[in-house]
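Q: Please take a close look at one strand of this protein and explain how it sits among its neighbours. I would like one connected account that I can follow with the model open beside me.

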Amino acid sequence: MLERGAELNWVGHDGLTPLDAAVRSGDDEVVAWLRGCGGSARNEKEDEMAIHAAEPLDVVVGWMDAMRRGDLVDVERWLDPDVTWRGVRDSAVCRNRDEVLDMLQGSLEGRLGADAVEVIAGEGAAVLGAKVPGLAEIGGVDVRGQLFNVFRVGCGRIIAVEDYAFREEALAAA
């Protein structure tokens, strides 16, 4: 049926997706098959729809919360597969979600590591400023204990991040 265009995650009159129905009936084989085909439960589908409708500020706050909790799976949900991340130095670049997750994994300590944060919403972007104790320089650039990230958002996901040493630069770039 899928080959003929059936909607894998269609919600029936009973309010269930095919995966919901298979879980309810206890059919583990069908559950595994549906998951393998990309099937999702209704609450997963609603979560996905909510993410796509999220504004840049909501996306950055959601990403920050996932980082604070050390939840790499949730962090990944906020990142577009083709996300890029450019460091303060242009030579420091992550070119996709896997590279970004590898870079961020060392930061998942259960707290943000910042004494203060500021998030400013813009059109299709948000600026995150963080005052981080002991952060003096990055790649030879004096950051004066603060780092500013411009998060570019599309379809409710982070599509690009650019790091800046100074607030004014980040705001101008956003």
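**Strand β8 and its surroundings**

A: In this predicted model, seven of the eight residues of β8 are buried, so this strand is largely enclosed by the rest of the structure. The strand covers residues 157-164, and the account below moves from the sheet around β8 to single side chains, then to the core and the pocket.

The sheet is open and has six strands, in the order β2-β1-β8-β7-β4-β3, with mixed pairing. Its edge strands are β2 and β3 (116-121), each of which pairs on one side only. In that order β8 stands between β1 and β7. On the β1 side the two strands run parallel and are joined by four bridges, with Thr-84 standing opposite Ala-160 of β8. On the β7 side the strands run antiparallel and are joined by seven bridges, and there Val-150 has Glu-162 as its bridge partner in β8. β7 and β8 also form a hairpin with two residues between them, and Cys-155 in that turn has a positive phi of about 55°.

Glu-162 deserves attention as a residue of β8. It counts as buried because its relative accessibility is 14%, which falls under the 20% limit used for that term. The side chain of Glu-162 makes a polar contact of 2.9 Å with that of Arg-152, and a polar contact of 3.4 Å joins it to the side chain of Tyr-164. When neighbours within four places in sequence are left aside, the residues in contact with Glu-162 are Arg-86, Phe-148, Asn-149, Val-150, Arg-152 and Ala-173.

Ile-158 leads from the strand into the nonpolar interior. The largest nonpolar core has 22 residues, and Ile-158 is listed with Trp-63, Val-75, Leu-79, Trp-85 and Phe-151 as those having the most contacts inside it. Two or more residues of this core come from each of α4 (56-69), α5 (72-78), β1 (79-86), α6 (97-104), β4 (125-131), β7 (146-154) and β8. The largest share, six residues, is given by α4. Not counting residues up to four places away in sequence, Ile-158 touches Val-59, Trp-63, Trp-78, Leu-79, Asp-80, Val-83, Phe-151 and Arg-152. In soluble globular proteins, nonpolar side chains tend to be buried together.

Beyond the hairpin partner, the sheet continues to β4, which pairs with β7 in the antiparallel sense over seven bridges; in this pairing Lys-131 has Gln-146 as its bridge partner in β7. Leu-147 is also found in β7 and is buried, with a relative accessible area of 16%. The C-alpha atoms of Leu-147 and Ala-130 are separated by 5.5 Å, although these residues are 17 residues apart along the chain. With neighbours within four places left aside, the contacts of Leu-147 include Leu-128, Gly-129 and Ala-130, as well as Asp-163 and Tyr-164.

Leu-147 also connects this region to the largest pocket, where Leu-147, Trp-85, Leu-104, Ser-107 and Asn-149 lie nearest the centre among the 31 lining residues. The pocket has a volume of about 710 Å³. At least two residues of its lining are supplied by each of α4, β1, β2 (93-94), α6, β4 and β7, and α4 gives the most, with four residues. Asn-149, one of the residues nearest the pocket centre, is in contact with Glu-162 as well.

Note on methods:
Residues are numbered from 1 along each chain as its sequence is written. This is a predicted model: local features need pLDDT of at least 70, side-chain atom pairs count only at pLDDT 80 or more; totals for chains, interfaces and linings use all residues. Side-chain values use heavy atoms; hydrogens and water are left out. Buried means under 20% relative accessible area, exposed over 50%, partly exposed in between (1.4 Å probe, protein chains only). A polar contact is a pair of N or O atoms within 3.5 Å; within protein, one must be able to donate a hydrogen and the other to accept it, and residues adjacent in sequence count only if both atoms are side-chain atoms. Contact means heavy atoms within 4.5 Å. A nonpolar core is a set of buried Ala, Val, Leu, Ile, Met, Phe, Trp, Tyr and Cys residues joined through side-chain atoms within 4.5 Å. Two strands pair if DSSP finds at least two bridges between them. On a 1 Å grid over the protein atoms alone, a cavity is a set of points where a 1.4 Å probe fits but cannot get out, and a pocket is an open set with protein on both sides within 12 Å along at least five of seven lines; lining residues have an atom within 4 Å of a point. Grid points are joined across faces, edges and corners, and a volume is the space filled by probe spheres set on the points.
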